Amino acid sequence: MYLNCHSYYSLRYGAIPVEELVEEAARIGIEAMALTDINVTTGVFDFIKACREHGIHPVVGLEYRNKNRRWKT
C-alpha cells in the first residue's frame with residue numbers, strides 16, 4: 001500500500017491530478033493506496049471514484065501542517 005500520496009490539491013507539494021495519480025498506481029499494479037493531501041480533503045470523492053474504476057482499495061487521510069511543519073502528537 002502506498003501511504004502519504006499527494007495530489008495537486010496539496011498546494012506547493014503535489015502536482016498531479018487525482019485521476020492521473022490513480023491511473024499511474026493502477027498501471028504499476030497497486031491494490032490499495034491512501035490519499036493524504038495537506039490540510040485539505042477536496043479530492044477525496046474524485047479519489048474514491050477513480051480508485052473504484054481501477055480496482056484499487058481507497059484509503060483517505062489528511063496530513064495536517066501548521067506553518068509548513070507537520071503536526072505531531
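Which residue of β3 is the bridge partner of L35? The partner is V60. This report works outward from that pair, and the model it describes is predicted.

**The sheet**

Three strands build an open sheet, ordered β1-β2-β3. Their pairing is parallel. β1 and β3 (57–60) stand at the edges. Each of these two has a single partner strand, so one side of each is left without a neighbour in the sheet. From one strand to the next, the twist averages 25 degrees.

Strand β1 covers residues 2–5 and strand β2 covers residues 32–35. Two bridges join β1 to β2. Between β2 and β3 there are four bridges, again in the parallel sense. L35 appears on both sides of this account: C5 stands opposite L35 in β2, and V60 in β3 is the bridge partner of L35. A32 has its own opposite residue, H57 in β3.

The table lists these residue pairs.

| Residue | Opposite residue or bridge partner |
|---|---|
| C5 | L35 in β2 |
| L35 | V60 in β3 |
| A32 | H57 in β3 |

**How the chain connects the strands**

The chain leaves β1, passes through α1 and arrives at β2. This β-α-β crossover is right-handed. A right-handed β-α-β unit is also made by β2, α2 and β3.

**Helices on the sheet**

Where does α1 lie? α1 lies across β1 and β2. The helix runs at about 155 degrees to β2. α2 packs on the sheet as well, where α2 touches β2 and β3. The direction of α2 makes about 165 degrees with that of β3.

**Helix against helix**

Two packed helices are described by the angle between their axes and the distance between the axes. Here the helices are α1 (residues 18–27) and α2 (residues 44–54). Their axes come within 9 Å. They cross at roughly 30 degrees. Angles under 35 degrees count as roughly parallel, and α1 and α2 are therefore roughly parallel to each other. The crossing is right-handed.

Which residues make the contact? From α1 come V18, E19, V22, E23 and A26. From α2 come D46, F47, A50, C51 and H54. By class, the contact of α1 with α2 has six nonpolar residues, one polar residue and three charged residues.

Methods:
Residues are numbered from 1 along each chain as its sequence is written. This is a predicted model: local features need pLDDT of at least 70, side-chain atom pairs count only at pLDDT 80 or more; totals for chains, interfaces and linings use all residues. Side-chain values use heavy atoms; hydrogens and water are left out. Axes are lines fitted to C-alpha atoms, for helices over the stretch in contact, and angles run from 0 to 180 degrees between N-to-C directions. Angles under 35 degrees count as roughly parallel, over 145 as roughly antiparallel, 65 to 115 as roughly perpendicular and the rest as oblique. A crossing is left-handed if the near helix is turned anticlockwise from the far one by less than a right angle, and right-handed if clockwise. Contact means heavy atoms within 4.5 Å. Ala, Val, Leu, Ile, Met, Phe, Trp, Tyr, Cys and Pro count as nonpolar, Asp, Glu, Lys and Arg as charged, and the others, Gly among them, as polar. Two strands pair if DSSP finds at least two bridges between them. A crossover is right-handed if, with the strands pointing away from the viewer, the path from the first strand over the helix to the second runs clockwise.
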